[in-house]
Structure formats: C-alpha cells, structure tokens
Amino acid sequence: MDVEQQQGTWTQLSLFEEEEGSVRPGASGKGGTGPAAFEEWQASTASNRERALTGDLMERVCERENLNRAYKRVKANKGAPGIDGMTVGELYGWLKGHKEELVGALLEGSYGPRPVLGKEIDKPGGGKRRLGIPTVVDRLVQQAIHQVLEGIVDPTFSESSYGFRRGRNAHQAVKQAAEYVAEGRGVVVDIDLEKYFDRVNHDMLMARLARYVSDKRLLRIVRRFLEAGMMWEGVCVERYEGTPQGGPLSPLLANLLLDDLDKELERRGHRFCRYADDCNIYVRTQKAGERVMGSVTRFLEGNLRLRVNREKSAVAAVQERQFLGYRILPGGRLTIAPRSLKRARERIRQITQRNRGISLEQMIGELNSYLTGWVTYFRYAACRSHLQRLDEWIRRKLRCVRLKQRKRAKPIADFLQNLGVPEWNAWILALSGKGWWRKAGAPQAQQAMSIAWFRAQGLVSLSERYAELQP
C-alpha cells in the first residue's frame, strides 16, 4: 500500500469510525463537550493520522527514487571501505546482484548491519576523535533512512540549531551569536559535552525517535545500527552507548537527542546557538551565566544522561572564548580565534616541510587547496593584518624550501642570478654559512622570489583572496 492510498484509507477511518478510547466532540465522557473538547479531539485525531503515516516508512526508504538518491550521495562522498574492504566503486556491481535481497531484508525488518571499522583521527584542539566507518552497503542503507527521517524530524528542530542541517551552516550560527553580543549580551555560557557521540544513551535516543516513527521495522534497524559492534585492532568490541561519527545517520540522531536541550532553553527564554554538540548561551552578566551553567548542567546530566566537560566548559566574557573558530568581540565584531590561527600555521608547516621530497609546484598546489578553503571560511572576520603577516610567513617558508632544493652554492647562485640578482650579491648568499631559514629572509632571496614571482607560480595570496570575498 503506497502512502497516498494509506492516507486516504486512514482519512475514511478517522471520519467514519470511532477510534478505541477516543471521545467524539459532543459525546459524554471524560473529554467533555464544547469548543475546547472539539479542538482537543481534532488535535488527537490529527496526531493519530500523522503517526499512521509514519507506519510505512520502510516502504518509503525502499522507493527506487530514494535508493537512487542515496547511492549517488554515498558515491559522491567517497570515503574509506568498512571491515569488508568493499570500496564505493565496487558498490554498483554488488547492488546489481543483491538489490532484491537488500530491499527484501529492509521491508521485512530483518536487515542486520555489519560492525563498523574503528579509527582514530587527531582533533583540531588536541586529543583523538574516534570514528566508526560502516561498510558501503550500510552507508547506503543509513543514507536512505536519513533522507526519509530528515523530512519528518528536521522541521521540528529549533531555529537556534545549525549543525548538520540542510540549508544551515556554521556562518549562520556565528552571525546569530554576534547579533546576540551586539544586543548587549557580553557573557557566554560555553558548554562542552564530553565525548558526546560516544556517550549517547541508546534507550533515550530510541524513545525520542519513537515520538515521530511508528514503523517498528525501521526502529529495529536503527537500533541495530546503534548497537553494531566496532572492529578495533582486530577485535570486535560490543557497544552499549554512543552513535559513532562516520555514518550518515549519526548527525541526525545526535540532533534529535539534543533537541530536548534546545526546547528547554527556548522554554526558559535564553538566547543561544548550538552547532552539533557545541552550545553557547549568551547572557548579560557573569552571575546570570553561572546560574545558567549550573541549571543546564543539571538538565543535561539528569535528563539526557550526558556528561558536561567541566574543564573545557566556562562562563566568560565573549572575547575570551571562541565559537566555531571565530572570536566575537564586544559589539558583535568577528575576528579569527587565536587557536584557529595556530592550527593554520601548524598545517602550513606540515605542507611546507623541507624534507618531503616533492616539487615546489606540488607543494604550492597543496597549499592552495588548504588556504582557499581556510580563508573562505573566515571571510566574515576582520583579519586583514593577520592575513598579510601570514602571507609573508608562507612566502618565506617557500623560499626556504626552494633554496634547500638547490642544495649547493653554485646552483643557488645560478638560480638567484637567473631571477635578476647581481652575480656578486648572489654569491654572497650562496656562500653564506647561515641556516636555510635565515637565508630565506635575506634581501637577495626576497628580490629573486618576489611577490610577483610567487604569483607567477600560482600561489594563492590570503589577503588578496580575502579582499575578493568581501561584499
């Protein structure tokens, strides 16, 4: 039975047949009579009708158009293989021989996911983040389920939630936060959840999903995804909590649980911005902030069974904290957070290491790929002077690489002379006993490898790119 047929049948039932336990308007009983009772009855039947429509979600998951969209999305995202070693490129061939079997298992509710492949990556702020990489077939199923669930649950989410939602992004969150600060809320309650994706309680999460979904087949399969083991260093570890990052469903489920926090903050009248597990609440005084921190911590740990990281959470003036890489100054002005600049320098150092054994052309290509995305993300920050200094430092790093690639005195002197440095001056630098970094800062190196020379090599200028991005 397709969705339209089921909707029509349910409409007839709700109109002409009395639901067990329901009270029609005008009937005697606990529901009472009159306009209030009629509105209550209408809301009840509308809720029942909506719930009935969520009873055939697995049919919607398995619709050809939905599965095709999911396949295209998984293919576009690429990603590493799971524990079975199947790559995204091999998925099409597998589906040609097993699609009927896959759809049948989904419709029966018997589909069972494979364990995820555990992997750790470095977190930008230090420490490790644990990922769980599903097999490509499981990623396809998760994506197909995500596409159906998103249309049901996402419209109910808070306007102050920005992470992992279609049509919403980090820039919108930062701009909204800056508006709150500009209104005079100069103190931020910065709440950090300790290992949020690893600590989600499965029972609480499934209870919230059941508010929207009555299809028991889909609920069973989502639960199996949550409880799928993790292959870690050759051993399959059982999981009783958490929704590990790496699969398409995890961000949506994470937002579903934290929507309770959003609704509680809205009920209390707070001004806040949440991006995934990063939540900032803006208040006017330190005393109010400390009071909010205490009450919200009790709510998170008591009602949602999540753990607040007290070392990383704080109540402070907005300029002392960062939000999504930006620093917000009093008045709502945006700059780049010092930690963001530090991480950028660390990444640039990695790319420009002198012992990598790659050509300068390849190194510049890697730099351009990173720098273009980085400056585009920070285009709303007032940071022109920072970018100019960063440009100068990058050019010196590359001069250092190029001189070292010439190795000996004569090749260095020839290189400098070919770029317009007088012979005697070129030899002074080439025969110098200084280290490569000091040589790269010498006037001869700057004359030879000038800004125009780097522009000819194709190097992106952060300050110039930033100027182009300004309205």
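This note goes through a predicted model of one protein chain, point by point.

1. **The chain as a whole.** The secondary structure of this chain comes to 21 helices and 10 strands. Of the 471 residues in the chain, 46% are buried. If one takes the contacts in the chain that have a separation of 6 or more, 72% of them are accounted for by residues 24 or more positions apart. The accessible surface comes to about 24500 Å², and carbon and sulfur atoms hold 48% of that area.

2. **Salt bridges in general, and one pair to begin with.** A search of the whole structure finds 22 salt bridges, and a few of them are worth following in the model. One of these pairs consists of Arg168 and Glu159, whose side chains meet at 2.6 Å, taken from N to O. Glu159 is exposed, its relative accessible area being 57%.

3. **A salt bridge between two helices.** Asp203 forms a salt bridge with Arg223, and the closest N and O atoms of this pair are 2.6 Å apart. Asp203 belongs to helix α9 (residues 202-209) while Arg223 belongs to helix α10 (residues 216-227), so the pair ties together parts that are 20 residues apart in sequence. Both partners are classed as partly exposed, with a relative accessibility of 48% for Asp203 and a relative accessible area of 26% for Arg223.

4. **A salt bridge between buried residues.** How far apart are the closest N and O atoms in the salt bridge that Arg274 forms with Asp262? The distance is 2.8 Å, and the pair links distant parts of the chain, with Arg274 in strand β6 (residues 271-275) and Asp262 in helix α11 (residues 249-267), 12 residues apart. A student may want to check whether these two side chains are buried or exposed. Arg274 has a relative accessible area of 1% and is therefore buried, because the limit for that class is under 20%. Asp262, with a relative accessible area of 0%, is buried as well.

5. **A network around Asp215.** Glu59, Asp215 and Arg217 are linked in a network of salt bridges. Asp215 is placed in the loop between α9 and α10, and with a relative accessible area of 2% it is buried. Although Asp215 and Gly55 are 160 residues apart in sequence, their C-alpha atoms are 4.1 Å apart in space. When residues up to four places away in sequence are left out, Asp215 touches Thr54, Gly55, Asp56, Leu57, Met58 and Glu59. Glu59 thus appears both among the residues that Asp215 touches and in the network of salt bridges.

6. **The surroundings of Val222.** Helix α10, which also holds Arg223, is the place of Val222. Val222 is buried, with a relative accessible area of 1%. Which residues does Val222 touch, not counting residues up to four places away in sequence? They are Ile145, Met206, Leu209, Leu249 and Leu253. The C-alpha atoms of Val222 and Pro113 are separated by 9.5 Å, and these two residues are 109 residues apart along the chain.

7. **Two lysines with a positive phi.** Most residues other than glycine have a negative phi. Against that background, Lys78 deserves a careful look, since its phi is positive, at about 55°, although the residue is not a glycine. Lys78 has its place in the loop between α4 (64-77) and α5 (88-108), and it is exposed, with a relative accessible area of 60%. Lys407 is another residue that is not a glycine and yet has a positive phi, here of about 65°.

8. **Lys407 and a positive surface patch.** Lys407 lies in the loop between α15 (384-406) and α16 (409-418). At a relative accessible area of 60%, Lys407 is exposed. Together with Arg354, Lys404 and Arg408, Lys407 forms a positive surface patch. Patch members must have over 30% relative accessible area, and the 60% of Lys407 can be set beside that cut-off when the reader looks at the patch.

Methods: Residues numbered from 1 in each chain as written. Predicted model: local features only at pLDDT ≥ 70, side-chain atom pairs only at ≥ 80, totals over all residues. Heavy atoms only, no water. Helix = DSSP H or I, 4+ residues; strand = E, 2+ residues; numbered from the N terminus. Buried < 20%, exposed > 50% of the residue type's maximum accessible area, 1.4 Å probe, protein only. Contact = heavy atoms within 4.5 Å. Areas by Shrake-Rupley, 256 points an atom, 1.4 Å probe, with all protein chains shown as cover. Patch = residues over 30% accessible without salt bridge, like charges linked within 9 Å, V, L, I, M, F, W, Y side chains within 5 Å. Salt bridge = Lys/Arg side-chain N within 4 Å of Asp/Glu carboxyl O. Lys, Arg positive; Asp, Glu negative; His and termini not counted. Charge placed at Lys NZ, Arg CZ, Asp CG, Glu CD.
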